[in-house]
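Here is a short report on one structure. It takes up a pocket, two sheets and the packing of helices.

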Amino acid sequence: MIELDSRIHYIRRPEGKSGAPVCRNLGTERSQGRYIIYLDSDDYLAVTALEKRFECMEAHPNLDFGVFPCILFKHQTDDMKVLFNVENDVDDLDRFLCFDGPWQTMCPIWRRDAVIKLGPWDEGLQVSQDTELHFRAVAQGLNYRRFDYPDCFWRVSHNDRVSESEFLTSRLNSHSRLFELMTATLRQKGLFTSERCAMLGGLYFFYVDRWSYCGHSAAAHTLWAKCYDRQLISATVYRAGVLYMTLSSTTRLPSTLRRVLRRLLRTVYKLTWHPKLFIKTSKTCLL
């Protein structure tokens with residue numbers, strides 16, 4: 001491809017560094033155009049995407065970035081015909097807080113000056129780097145517009161060859177850091193409210209619930225303790241969560257009985273906890 005088009009440049013990643021954020025930051029640093037779009041290996045732009053996005057940004061010089069809808073696919077771009085996520089009346093910042101992200105990595109086209117103002121991708125995150133960057137962009141008040149026609153496609157079938165233990169450790173550390181960064185951003189920008197505090201607690205409980213039920217009790221307890229240490233939940237909620245995790249991860253009870261007891265506990269908690277502690281992610285928002 002490089003031999004066929006001189007506009008395409010191959011850049012070797014520095015020794016000792018790895019991960020998608022490193023590559024994206026390097027690409028941003030070396031870029032020379034007015035606009036930037038970030039693409040991963042499972043992303044695909046429509047043939048008219050570059051032309052149309054350029055026209056939209058030129059027609060709206062006040063925008064820091066524009067967002068275009070994304071269609072999910074497995075093998076061919078038309079085999080699912082499902083939008084990655086749909087627009088609704090919920091604030092975009094709150095949607096990211098509920099892992100109901102309204103767009104993903106390749107959906108925005110960025111004005112290069114705005115990316116420089118926003119700051120680099122966080123190279124300490126192994127997963128969900130786009131969630132952090134987009135959350136930060138909205139929190140910082142960058143001017144953007146969501147356009148209403150899809151022009152990109154995201155492959156949803158992934159072949160993850162990473163071992164379960166490595167994957168779990170990566171997810172634990174990365175999500176813990178992500179939630180910490182989101183909390184700090186809200187506080188720095190004066191956007192931290194009781195509602196958003198509960199939403200952040202809900203992110204922790206979402207993963208605590210999944211990990212404890214799958215038998216990863218230690219990881220669940222570690223993450224839940226960090227949630228409490230960061231003062232996102234009360235001592236009462238923390239103790240109730242510990243009870244829930246213990247019940248979820250025990251192997252002394254039949255799985256059917258465990259499911260029933262977990263459901264009963266969740267029903268009780270929904271009556272006493274802040275409702276935002278129970279997040280509902282979009283069915284097409286892939287975590």
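## The largest pocket

In this predicted model, 31 residues line the largest pocket. Those nearest its centre are Arg 7, Ile 8, His 9, Ile 37 and Leu 39. The space inside comes to about 1,400 Å³.

Four elements give two or more residues each to the lining: helix 1 (20–30), strand 1 (35–36), strand 2 and helix 2 (49–59). Helix 1 gives the most, with 6 residues. By class, the lining of the largest pocket holds 17 nonpolar, 7 polar and 7 charged residues.

## Sheet 2-8-4-5

One open sheet has 4 strands, in the order 2-8-4-5, with mixed pairing. Strand 2 (43–45) and strand 5 (82–83) are the edge strands. Each has a single partner strand, so one side of each lacks a neighbour in the sheet.

The pairings can be taken in order. Strand 2 runs antiparallel to strand 8 (residues 152–155), with 3 bridges between them. Here Asp 43 faces Trp 154 of strand 8. Strand 8 also pairs with strand 4, this time in the parallel sense and over 4 bridges. Phe 73 has Arg 155 in strand 8 as its bridge partner. Strand 4 (residues 70–73) and strand 5 are antiparallel and are joined by 2 bridges. Ile 71 stands opposite Leu 83 of strand 5.

## Sheet 1-6-3-7

Another open sheet of 4 strands has the order 1-6-3-7, and its pairing is mixed. At its edges stand strand 1 and strand 7 (144–146). Each of these has a single partner strand, so one of its sides is left without a neighbour in the sheet. Strand 1 and strand 6 (residues 108–111) run antiparallel, joined by 2 bridges. Tyr 35 is opposite Arg 111 in strand 6.

Helix 5 (residues 129–139) packs on this sheet. Helix 5 touches strand 3 (65–67), strand 6 and strand 7. The direction of helix 5 makes about 55° with that of strand 6. Strand 1 also belongs to the pocket lining described above, where it gives two or more residues.

## Helix 8 against helix 9

How do helix 8 and helix 9 lie relative to each other, parallel or antiparallel? Their axes cross at roughly 175° and come within 10 Å; helix 8 spans residues 217–229 and helix 9 residues 235–249. Angles over 145 degrees count as roughly antiparallel. Helix 8 and helix 9 are therefore roughly antiparallel.

From helix 8, the contact uses Ser 217, Ala 220, His 221, Trp 224, Ala 225 and Tyr 228. From helix 9, it uses Ala 235, Val 237, Tyr 238, Gly 241, Val 242, Met 245, Thr 246 and Ser 249. The contact of helix 8 with helix 9 has 9 nonpolar and 5 polar residues, and no charged ones.

## Helix 7 against helix 9

Helix 7 (residues 194–213) also packs with helix 9. The angle is about 30°, and the axes are 7 Å apart. Angles under 35 degrees count as roughly parallel. Helix 7 and helix 9 are therefore roughly parallel to each other.

Helix 7 contributes Phe 205, Val 208, Asp 209, Ser 212 and Tyr 213 to the contact. Helix 9 contributes Tyr 244, Met 245, Ser 248 and Ser 249. The classes in the contact of helix 7 with helix 9 are 5 nonpolar, 3 polar and 1 charged. Met 245 and Ser 249 of helix 9 take part in this contact and in the contact with helix 8.

Note on methods: Residues numbered from 1 in each chain as written. Predicted model: local features only at pLDDT ≥ 70, side-chain atom pairs only at ≥ 80, totals over all residues. Heavy atoms only, no water. Pairing = 2+ DSSP bridges. 1 Å grid on protein atoms, 1.4 Å probe; cavity = no way out; pocket = protein on both sides within 12 Å on 5 of 7 lines; lining within 4 Å. Points joined across faces, edges and corners; volume = space filled by probe spheres on them. Nonpolar A, V, L, I, M, F, W, Y, C, P; charged D, E, K, R; others polar. Axes fitted to C-alpha atoms, helices over the stretch in contact; angles between N-to-C directions. Parallel < 35°, antiparallel > 145°, perpendicular 65-115°, else oblique. Contact = heavy atoms within 4.5 Å.
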